[in-house]
Amino acid sequence: TAREAGITQAPRILVIAHRGASGERPEHTLAAYDLAIEQGADFIEPDLVLTRDGALVARHENDITQTTDVAEHPEFADRRATRTIDGVTHTGWFTEDFTLAELKTLRAKERLPDLRPGNARFDGQFAVPTLAEVIALAKRRSAETGRMIGIYPETKHPSYFAARGLDFDAPLLAALREAGWDRADAPVFVQSFEVDNLRRLARQTRVPLVQLVASAGAPADGAAASYAEMLSDTGLAAIARYARGLGPEKSLVVTNEGDDTGLARRARAAGLQVHPWTFRAENYFLPERDRIGADPKATGRLADEIARHVAAGVTGFFTDFPYLGVEARNGA
Ligand code: G3P
Ligand code: CA
């Protein structure tokens, strides 16, 4: 529809709810996404991982030891394993060892209970959502509110999963097709740190894609020697051949000292939208809305930081606190 078509080229700065309203509800739950929508987010962000039977579910990591109650399920005790994912060794439980039906018997837990005790109140209440459920929520709430709400899925560790015979492309494209969203003007951005996954998707779909880049290191698929080299003018032009946007770690756009690096301007000149992550006042990391609202230093710092990024030329941003993001965006 015309309303859907506008959102990925929206004239206003996009507020992207990072893992939902994850500052106020356990991340990647329908409750976190729903609260983000309530607060006026333009997009909700599910990070995606795969189950043993190839279903896409919303978790930040395939290691679900901290973000679910799996450790409290004796029937899954023998699934505990040790895996190396993108160079980091984890011991615990992994989505690729569970069918979707098994995963649905688990309940979400707050990943940072010490920093976000308000979220831990909800432990045990919510299931792990599938991508299809996240899309259904965005569609239902768009219809109810009359405001277009898009989804911003991230493919997590595609080369790790591919090495285990699990592929993102087919189930992701099937879910988008099912939603009527496998098209260039869908209210969707698909993001990844891995270059090859995005390039492969670009050959199969016209859905907007976003290349994520971190302030250090290199893509895990080995497609570039470093993220830094991907940010040269030549590198940005190469990204613009398969992606609609760039998702940089925020310090690449405005330094921690508050200086504009010029990256947003250069990326825009290459034809890319620019969506930095993540605005969450981590130095304060105040867990509850009342406490954030009561601390002008925290809200002021966030609003100021977002305003600096807007002045630097970003076209959207990821935040754990969409209500603060909407306020800051509207005031910027
Ligand atoms: O997708 C942008 C940002 O979310 C990347 O970092 O680790 O929070 O998925 P992460
Ligand atoms: Ca993400």
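1. Two strands are taken as paired if DSSP finds at least two bridges between them. In this predicted model, strand β1 (residues 14-18) meets that criterion with β13, to which it is joined by four bridges in the parallel sense. Within this pairing, Val15 lies opposite Phe317 of β13.

2. The β1-β13 pair belongs to an open sheet of four strands, ordered β7-β2-β1-β13, with parallel pairing. Strands β7 (150-151) and β13 (316-319) occupy the edges; each has a single partner strand, so one side of each lacks a neighbour in the sheet. In general, the strands of a sheet pair through backbone hydrogen bonds, in either a parallel or an antiparallel arrangement.

3. A second parallel pairing involves strand β9 (residues 190-192) and β10, which share three bridges. Here Ser192 stands opposite Gln211 in β10. Strand β10 (residues 209-213) is largely enclosed by the rest of the structure, because five of its five residues are buried. Burial applies to both faces of β10: Leu209, Gln211 and Val213 lie on one side, and Val210 and Leu212 on the other.

4. The largest nonpolar core comprises 88 residues, and the members that touch the most others are Ile16, Ala36 and Ile44. Helix α2 (residues 30-38) supplies the largest share of this core, namely six residues. Leaving aside residues up to four places away in sequence, Ala36 is in contact with Ala17, Gly20, Ala21, Ala41, Ile44 and Pro322.

5. Which residues surround ligand 1? They are His18, Asp47, His60, Glu154, Gln191, Leu212, Gly247, Trp277, Thr278 and Phe318. Classified by character, this shell contains three nonpolar, five polar and two charged residues. Leu212, one of the residues around ligand 1, is also one of the buried residues of β10.

6. The backbone geometry deserves comment at the peptide bond between Trp277 and Thr278, which is cis, with omega about -5 degrees. Both Trp277 and Thr278 are among the residues around ligand 1. Thr278 is located in the loop between β12 (273-274) and α12 (289-293). As background, most peptide bonds are trans, and most residues other than glycine have a negative phi.

7. Two non-glycine residues with positive phi should also be recorded. Arg19 has a phi of about 60 degrees and is found in the loop between β1 and α2. With the threshold for burial at 20 or more other C-beta atoms within 10 Å, Arg19 counts as buried because 26 such atoms lie within that distance. His157, for its part, has a phi near 55 degrees and belongs to the loop between β8 (154-155) and α6 (158-162). His157 is likewise buried, with 24 other C-beta atoms within 10 Å.

8. On confidence, the protein chain has a mean pLDDT of 93, and 93% of its residues reach 70 or more. The pLDDT is below 50 over residues 283-287, although this stretch has 13 contacts in the model beyond near neighbours in sequence. Where pLDDT is low, the predicted coordinates should not be read in detail. For the complex, the predictor gives an ipTM of 0.98 and a pTM of 0.95.

Technical notes. Residues numbered from 1 in each chain as written. Chains lettered and ligands numbered in written order. Predicted model: local features only at pLDDT ≥ 70, side-chain atom pairs only at ≥ 80, totals over all residues. Core = buried A, V, L, I, M, F, W, Y, C linked by C-beta atoms within 7 Å. Buried ≥ 20, exposed ≤ 12 C-beta atoms within 10 Å, placed from the backbone. Contact = placed C-beta atoms within 7 Å. Near = placed C-beta within 6 Å. Nonpolar A, V, L, I, M, F, W, Y, C, P; charged D, E, K, R; others polar. pLDDT = per-residue confidence, 0-100.
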